[in-house]
Amino acid sequence: MTLKVDETEQGAWTVLRIRGELDLVTSPVVRQSVHEAVAEGQHDVVLDLSDVFFCDSSGVGVLIASRRLMKSCGGRLRLILPARGAEDGSHVNKVLGALGVRRLFDVYPDALSAIDEQSRPLSV
C-alpha cells in the first residue's frame, strides 16, 4: 500500500490529509510534507490521520519529529485520529498509547474541531 498526502489550507491552518500505511518506507513522505509547510511559513499544522490504517514506530517517530519541529518554530501541531480513534482505540491510537507518547499530542475528532480555536482536544 502506498501513502498519499493531500494539503489544504483552512484559515490559518495547513491540513495534511494522510492516507494509507505510515511506516518505514512511507514516513519520509510525511516528514517532507511537514517540512515543506514550515518552509512556506505555515506554522499551524493539522495531520489528519483518519485514513491511516497502519502505523509503525517509524510513523510514530515522524509524528514526534513533526511535533518537535512545530514547537521549535513557535507553531502548533494537531492530530486527527481515525474515526472514534481517540475514544475507541484505533490502530494509530493504540500504537501511540503503547509507546507512551499519546499524551504528547493534541488530538481532535475531525478537521473542523482541529482548526477551531475554541475547541478542546480529546482527553487521553
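The paragraphs below go through a predicted model, taking the strands first, then the helix that links two of them, and then some single residues.

Strand 2 (13-22) and strand 3 (44-55) are a convenient place to start. The two run parallel and are joined by eight bridges. One pair in this ladder is Val-15 with Val-46, the latter in strand 3. Between the two strands the chain passes through helix 1, and strand 2, helix 1 and strand 3 together form a β-α-β unit of right-handed sense.

Strand 3 also pairs with strand 4, again in the parallel sense, here over five bridges. In this pairing Val-45 is set opposite Leu-77 of strand 4. The connection from strand 3 to strand 4 goes through helix 2, and this β-α-β crossover is right-handed. Strand 4 has a further partner: three bridges join it to strand 5 (residues 106-108), and these two strands run parallel. Here Ile-80 stands opposite Tyr-108 of strand 5. Strand 4 is largely enclosed by the rest of the structure, because four of its five residues are buried. On strands in general, side chains alternate between the two faces of the sheet when the strand is regular.

Helix 2 covers residues 57-72. Is its length what a helix of 16 residues should have, or what would disagree with that count? At 1.5 Å a residue the expected span is 22 Å, and the C-alpha atoms at its ends are 22 Å apart, so the two agree. At the N-terminal end the helix is capped by Asp-56, which places a side-chain oxygen 2.9 Å from the backbone nitrogen of Ser-58. Just beyond the other end of the run, Gly-74 comes just after helix 2 and takes a positive phi of about 75 degrees.

Which residues of helix 2 are buried? They are Gly-59, Val-60, Val-62, Leu-63, Ala-65, Ser-66, Leu-69 and Met-70. An α-helix has 3.6 residues a turn, so residues three or four places apart point the same way. The elements that cover the buried residues of helix 2 include strand 2, helix 1, strand 3, strand 4 and helix 4 (91-98).

Ser-66 gives a closer view of this helix, in which it lies. Its relative accessible area is 3%, so Ser-66 is buried. The side chain of Ser-66 reaches the backbone oxygen of Val-62 at 2.8 Å. Apart from residues up to four places away in sequence, Ser-66 touches Val-34 and Leu-77. Leu-77 is the strand 4 residue that stands opposite Val-45.

Two cysteines can be taken together. Cys-55 counts as buried because its relative accessibility is 2%. Cys-73 has a relative accessible area of 27% and is therefore partly exposed. A disulfide is a covalent bond between the sulfur atoms of two cysteines. The count of disulfides in this model comes to zero.

Back in strand 2, Arg-19 is a residue of that strand that counts as partly exposed because its relative accessibility is 25%. Arg-19 and Asp-51 are 32 residues apart along the chain, while their C-alpha atoms are separated by 4.7 Å. Leaving aside neighbours within four places in sequence, the contacts of Arg-19 are Thr-2, Leu-3, Lys-4, Asp-6 and Asp-51.

Thr-26 sits in the loop between strand 2 and helix 1. Is this loop residue buried or exposed? At 8% relative accessibility, which is under the 20% limit, Thr-26 counts as buried. A polar atom of the Thr-26 side chain lies 2.5 Å from the backbone oxygen of Glu-21. With residues up to four places away in sequence left out, Thr-26 touches Leu-3 and Glu-21. Leu-3 is also among the residues in contact with Arg-19.

Methods
Residues are numbered from 1 along each chain as its sequence is written. This is a predicted model: local features need pLDDT of at least 70, side-chain atom pairs count only at pLDDT 80 or more; totals for chains, interfaces and linings use all residues. Side-chain values use heavy atoms; hydrogens and water are left out. The expected span of a helix is 1.5 Å times one less than its number of residues. Buried means under 20% relative accessible area, exposed over 50%, partly exposed in between (1.4 Å probe, protein chains only). Contact means heavy atoms within 4.5 Å. A polar contact is a pair of N or O atoms within 3.5 Å; within protein, one must be able to donate a hydrogen and the other to accept it, and residues adjacent in sequence count only if both atoms are side-chain atoms. A disulfide is a pair of cysteine sulfur atoms within 2.5 Å. Two strands pair if DSSP finds at least two bridges between them. A crossover is right-handed if, with the strands pointing away from the viewer, the path from the first strand over the helix to the second runs clockwise.
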